Number of protein chains: 2
Amino acid sequence: MKYLLSGGAVLLSAASATAQGAQRPNIIFFLVDDMGWADSSVAYGDEVYPMNKRYHTPNMQKLSQMGVRFSSAYACPVSSPSRTSLMSGLNAAHTRITDFTTAIPGIPSDASHQPDALANDVLIHPDWNWNGISPVSGVDKTIQVTPYAQILKDAGYYTIHVGKGHWAAAGTPAASPYNLGFCVNVAGQVAGKPVSYYGEENYGNTKEKWSTFSTMNLTEYYGTKTHLTEALTLEALKTLDFPIKNNIPFFLNMSHHGVHTPITPDPRFVQHYLDEGLDQGQANFASLIEGVDKSLGDIMHYLDEKGVAENTVIIFMSDNGGNSENKSKGGVLHTQNAPLREGKGSCYEGGIRIPLMMYWPGKTSAGAKVDIPVIAEDMYPTILSIAGIKDYSTVQELDGKDLVPLITTGSGIDAERELLFHFPHQWKPYQLNDIDYLSSMRKGDWKIVYRHRTGELELYNLKKDLSERNNLAKSERKKLKELATAMSDKLREYKATMPTLRSTGEQIPYPDQLIKKF
Amino acid sequence: MKYLLSGGAVLLSAASATAQGAQRPNIIFFLVDDMGWADSSVAYGDEVYPMNKRYHTPNMQKLSQMGVRFSSAYACPVSSPSRTSLMSGLNAAHTRITDFTTAIPGIPSDASHQPDALANDVLIHPDWNWNGISPVSGVDKTIQVTPYAQILKDAGYYTIHVGKGHWAAAGTPAASPYNLGFCVNVAGQVAGKPVSYYGEENYGNTKEKWSTFSTMNLTEYYGTKTHLTEALTLEALKTLDFPIKNNIPFFLNMSHHGVHTPITPDPRFVQHYLDEGLDQGQANFASLIEGVDKSLGDIMHYLDEKGVAENTVIIFMSDNGGNSENKSKGGVLHTQNAPLREGKGSCYEGGIRIPLMMYWPGKTSAGAKVDIPVIAEDMYPTILSIAGIKDYSTVQELDGKDLVPLITTGSGIDAERELLFHFPHQWKPYQLNDIDYLSSMRKGDWKIVYRHRTGELELYNLKKDLSERNNLAKSERKKLKELATAMSDKLREYKATMPTLRSTGEQIPYPDQLIKKF
């Protein structure tokens, strides 16, 4: 790994760190939806890519200079698996929540269940927990977990959720953040995306646009020009007032709907992207990104103003890679996460490698870059560790690792740790080769990809081939076997859901059963 | 006045009262919507009326035995004026919020603005603050006020709003409880009524039932059999968890949608009312009442269980009289608040006299009944007084009086205080003689009623004629003149909105200008 210290980095002395330790740090988890690894001016990689030059994201830039950024941070290919991994500390193959949770219980949400897919695919979808997580047992199609928000709340943290939830189906407990350990919920529910970003459209709460998904609790902005990203930010700042004034440590889950579809222009920011020559879709998307950047800046400014910035940890993250299969984003489909391959839904890097930054004043080194791979489920023990909560009990045994040693000392996490990604689904109503029915695993510089439909295994060296174009499965047999074995072990350990081959009626093989073919 | 002590009443010694005083009391303001004075088994009057015998409300009964009940408590004829009076400490004639606030800014909500009324009435409606209250200045059609919830929050109270808001229009700040000083908001917004009480109907959040008014933030109950009253209660109890565990004093604004229209059966309770011979509408309404009673009981049980009951004040109140102009309630229209005349919308007793109970453990006398008239705007200084907050500044000068001396010692409020009710509106799309365009004032045992359309003044002695059937305007000229003068003074002092006579284009006379006619 690299742990680069910028020139201005200052490590606190043990004495002052201890003094600060008396006061538990506030924590802001700033989660963006569908933001790709290269979707900002922050260069998470070794190079500044053309995409990095497109976006005006001065606040993300500032945060990257204040804290550490991760070149190899991962989440799941789609939203709910990531969000439930975050909240459970479990890998998505382990929660068996591998696609987006349904809004309506009893109706699975994955396209694999659509009549076309059922009739025509070579695979039959596996069963999975389409109702998401649950804080209690006995809820159909859920996995019971102890949410970290509950542990924070029980430890006296004032826990606030603002924005997108998407942890569970309507009619189940985890549809409500209040059941996950949040003291306050603004707008969090079962919706996976906003119906409209516009106050003028009541964020979708109109007869014409009706959907269960309309963002709730924002009537004060109805009919105004307040963009959803701005509205959620304003609401978040309001909720911080009480804990700050009363010196109660807070945890804010600032969970933006931006930059998910619908990719519509944020009028505050779109024009200069058009002026710079982007097409309308690209400019619209960029304007959503810049809106989220402003939100981050507004929150950082608020912390400064209230005098709590020095005791507030900020974690900035996206829930999956950028969408590469949506024409409304403009550009050319399947290239929008360049240099990464593919995008949302896919177990190639474009779908799972995400922006991640952590800033812990006085603890993290300013401007440092961490190359050791980390994954969404690591956030659970990390957040509790930051909060100083050591002994806690959970119904689940955590898969994630505490990243505090890594972000404060640069060590403590095995660079060769195996990170599993599993998407046993068809994502869209139509089939997509590089997105549907894939699993992959990263181990050090290496990555294996398993195509469920064809039984193919691919091997990439990400250090040399970030774009996953050079399949080394045939030339690096030993490494392939090592990763196929490791991946199979994990899939079995997690009791991962596996599709069935329509032709035989049998479950698809584990990768180690395929290895002799190569 | 009477201040009756029941046999079991015990007044705390000064010593123990002081010891308890060290810990600020929690306060629960339990507000029912559209519940009439006689709509429970609690006898607020001197007699047990037939209506009191209809309802099974053991928890209200229990509360009345634990605390004090008011025989002569008043609110406004409709919801928003009462709710904004409560939140501002101002009389509704003073806020100029005299009818229900609009959902959509710029579109006044009162029926007086409907084309029929505009064309055919002898009166032209006055201008008024149909956008409700606002915590900031410069919002069209609002009055700026300092909400008591803000003062409580600033003093360190953990302020929670659950349920109906209805303080302001969409697109204005007070649409959101977060702008009124609440730390937590569950479901409060611009809606004046629920779209559906049924979880099976997503509380109205379906394409078929769509309305801006659907109760928000309850997706966890979608598709379940959880009645709205139950859902809001469960949510409220969840939000109490944090302040109780962390020993933070809390204020809970438990603001039920029940028992407003739609008058649909609560399946948990409806059958025994049918068995007892009520018609379907009456049974449906009674089942809503009993649902609210269960909510009260569940909250009291929760307080006991958590060990905070002894330090929690409960105020139980309705926002206006029972609806007497809605066929879905069954029975005979305009008789449903017997022995009181008329109902919701009216300045006769049926519209404005409401159930009110206060229980402050160790402070109020068990089972006592207070006959001194009190009014909604008194709650503002009373709640702050209970919280021990003495010095606070408000942009408005309060009209309400602190009732703490009254509920703890039986004195401190002038029994001859003048209480004004003002409804310069047509309530329904059709004209209603005993409801539309009325003002009234209570002073001691006496009450004056002013009919705006006809210029008639009526005088009643409520002590002898609770049902306002014996108009003494002609026989008690001196008293009439006294009350007409007092009422006119108040209307002028408050700069109350007054309708215009279509025939002359002039504002209707103040009552003292009419007195020579009598």
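1. Copies are superposed by least squares on the C-alpha atoms of residues with pLDDT of at least 70 in both. On that basis, a turn of 180° and a shift of 0.0 Å along the axis lay chain A on chain B with an RMSD of 0.0 Å. The two copies are thus related as by a two-fold rotation axis.

2. This is a predicted model, in which local features need pLDDT of at least 70, side-chain atom pairs count only at pLDDT 80 or more, and totals for chains, interfaces and linings use all residues. Residues are numbered from 1 along each chain as its sequence is written, and chains are lettered from A in the order in which they are written.

3. Of the interface residues of chain A, 100% are also interface residues in chain B, so the copies meet through the same surface.

4. A search of the whole structure gives 7 cavities of 30 Å³ or more; a cavity is a set of points on a 1 Å grid over the protein atoms alone where a 1.4 Å probe fits but cannot get out. The largest cavity holds about 110 Å³ of space, a volume being the space filled by probe spheres set on the points.

5. The largest cavity has 13 lining residues, meaning residues with an atom within 4 Å of a point. Nearest its centre are Asn205(A), Ser214(A), Met216(A), Asn205(B) and Met216(B). The lining divides into 4 nonpolar, 9 polar and no charged residues; Ala, Val, Leu, Ile, Met, Phe, Trp, Tyr, Cys and Pro count as nonpolar, Asp, Glu, Lys and Arg as charged, and the others, Gly among them, as polar.

Conventions: Side-chain values use heavy atoms; hydrogens and water are left out. On a 1 Å grid over the protein atoms alone, a cavity is a set of points where a 1.4 Å probe fits but cannot get out, and a pocket is an open set with protein on both sides within 12 Å along at least five of seven lines; lining residues have an atom within 4 Å of a point. Contact means heavy atoms within 4.5 Å.
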